[in-house]
Each structure stands twice: as structure tokens, then as C-alpha cells.
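Reader: I'd like a close look at one part of this model, the strand in the middle of things and whatever packs around it. Could you walk me through it, starting from the chain as a whole?

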Amino acid sequence: MDHKDAKVVELDVIPMLEKKLEPFQLIMDTVKKLGKDDILKVHATFRPTPLFGVMKLKGYAGKAEQVDKQHWIATFVHKRNKHWLDAGISAEAAEDAGQEVSDGLSREDGLSREDNLSGEGSLPREDGPAVIELDNRGLEPPQPMVRTLNALVRCRPGDEVVIHNDRVPVFLLEELNRLGYPYEIEEQPDGSAIVKIRKT
């Protein structure tokens with residue numbers, strides 16, 4: 001099939017982001033309904049870098065294009081159709097999902113380059129897995145989920161990510177179940193929650 005014949009699914013999450021709402025679940029629900037040859041276009045107010053990592057885990061390749069100051073379009077296709085992304089796209093824009101995660105980090109995504117590369121409390125161990133600790137308290141959606149998923153994307157199998165959130169991250173837990181990553185929840189007296197996640 002040629003990309004010109006593929007079904008294009010447009011998803012505009014800009015209104016949700018402007019209201020400081022978390023669009024991740026809506027995006028994942030849309031992804032579940034995609035056909036193998038469908039093209040997903042997500043409209044956002046910033047370059048949704050961590051989303052590329054999540055989509056890569058789900059078997060998709062993607063690219064991001066900025067069309068206005070507060071308007072980015074992230075396009076995703078099944079990895080077998082990755083060549084569609086290169087049609088008429090410059091080399092800079094046609095980065096694959098892995099390159100987006102390593103090269104496209106920005107403060108707007110809720111993480112600085114330093115946070116992404118090392119984690120807030122990265123504790124590498126020569127004799128075992130690394131432990132990355134992230135304090136997500138006080139952050140507005142979608143930053144807590146964005147930071148956590150991005151950390152998991154950068155981890156190696158066996159590494160652990162420990163997060164401290166203002167509350168139990170229900171949507172994140174649903175995604176962890178889909179990805180098959182085991183986790184433990186420790187609810188705190190102040191209503192916050194510590195979640196220990198192991199990448200498998």
C-alpha cells in the first residue's frame with residue numbers, strides 16, 4: 001500500500017494541553033484502534049518527545065514537525081511503513097523514534113537534557129541494575145507521566161525507576177500493565193505515592 005492510500009487519523013490534543021489536562025490516555029486509546037497501515041497525526045503545543053519512545057515500544061516509527069510557535073504535529077506509522085516518513089521530509093525532520101528520544105529533549109517536555117541522561121537520582125551499580133529516582137511532586141500533567149515514561153525508555157532491562165508522585169498515577173499504571181513492566185506502590189500518609197517500576 002502507498003502512503004497516499006492509507007487512512008490518516010488526526011488527533012488534536014492542544015485544547016487538553018491548554019487546560020493542563022493529561023492527553024496520554026486519549027492518545028493510547030486512539031493507538032489501540034489503529035489499523036496496521038493507518039497513519040496517526042497528533043497535534044500538540046510542544047514536541048512530544050517521550051511519546052516517541054512509548055510508540056517505539058509499541059512498534060511505531062515517528063517524526064515531528066513544528067508548524068507554528070505553539071503547534072507541533074507528530075506523525076506515527078507502523079515500523080514496517082517507516083519509509084513513508086521519508087517521503088518529502090528533510091533528514092532533520094525524518095528522525096526515527098529512537099533519535100527523537102535521544103536528540104529531541106527539551107524543558108517543555110518536563111525534563112532537561114541532564115534529567116533525561118542521568119535521572120534525578122541515578123544510582124548506577126557496577127554489579128547490578130541502575131536505579132533512577134524521580135520526584136514528580138508538584139508537577140502539572142502531563143509532566144509526571146512524561147518524565148517517568150522517558151526514564152523507562154532510556155533504561156536497560158533490569159533497571160529500576162522509582163517515582164514519587166502527588167497521588168497514585170492511575171493512567172501510568174494502566175500503561176505499565178500494557179507494557180508488561182512490574183511495579184510496586186507504596187501509598188504515603190500525606191496522600192502521595194511512591195511507585196517502584198522495573199523494566200523487563
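Author: About 10,400 Å² of the chain is exposed, and 49% of that comes from carbon and sulfur atoms. Keep in mind that this is a predicted model. Of its 200 residues, 50% count as buried, and the chain has seven helices and nine strands. Among contacts with a separation of 6 or more, 65% are between residues 24 or more positions apart.

Now zoom in on β2, residues 39–44. This strand is mostly covered, with five of its six residues buried. On one side of the pairing list is β1 (residues 8–12), which runs parallel to β2 and shares five bridges with it; there, Glu10 has Lys41 as its bridge partner. Then there's β4 (residues 71–78), joined to β2 by five bridges as well, but antiparallel. In that pairing, Leu40 is matched with Phe76.

Those two residues turn up again in the largest nonpolar core, which has 38 residues: Leu40 and Phe76 are among the ones touching the most other members, along with Ile27, Met28, Val31, Met55 and Val161. This core lies between domain 1 (7–85) and domain 2 (131–199), because both give residues to it. Take Met28: setting aside neighbours within four places in sequence, Met28 is in contact with Leu51, Val54, Met55, Lys58, Glu175 and Arg178.

Ile39, from the β2 range, belongs elsewhere: a second, separate core of six residues includes Ile39, Ala61, Trp84 and Leu85.

Note on methods: Residues numbered from 1 in each chain as written. Predicted model: local features only at pLDDT ≥ 70, side-chain atom pairs only at ≥ 80, totals over all residues. Heavy atoms only, no water. Buried < 20%, exposed > 50% of the residue type's maximum accessible area, 1.4 Å probe, protein only. Helix = DSSP H or I, 4+ residues; strand = E, 2+ residues; numbered from the N terminus. Pairing = 2+ DSSP bridges. Contact = heavy atoms within 4.5 Å. Areas by Shrake-Rupley, 256 points an atom, 1.4 Å probe, with all protein chains shown as cover. Core = buried A, V, L, I, M, F, W, Y, C linked by side-chain atoms within 4.5 Å. Domains from an automatic or database assignment.
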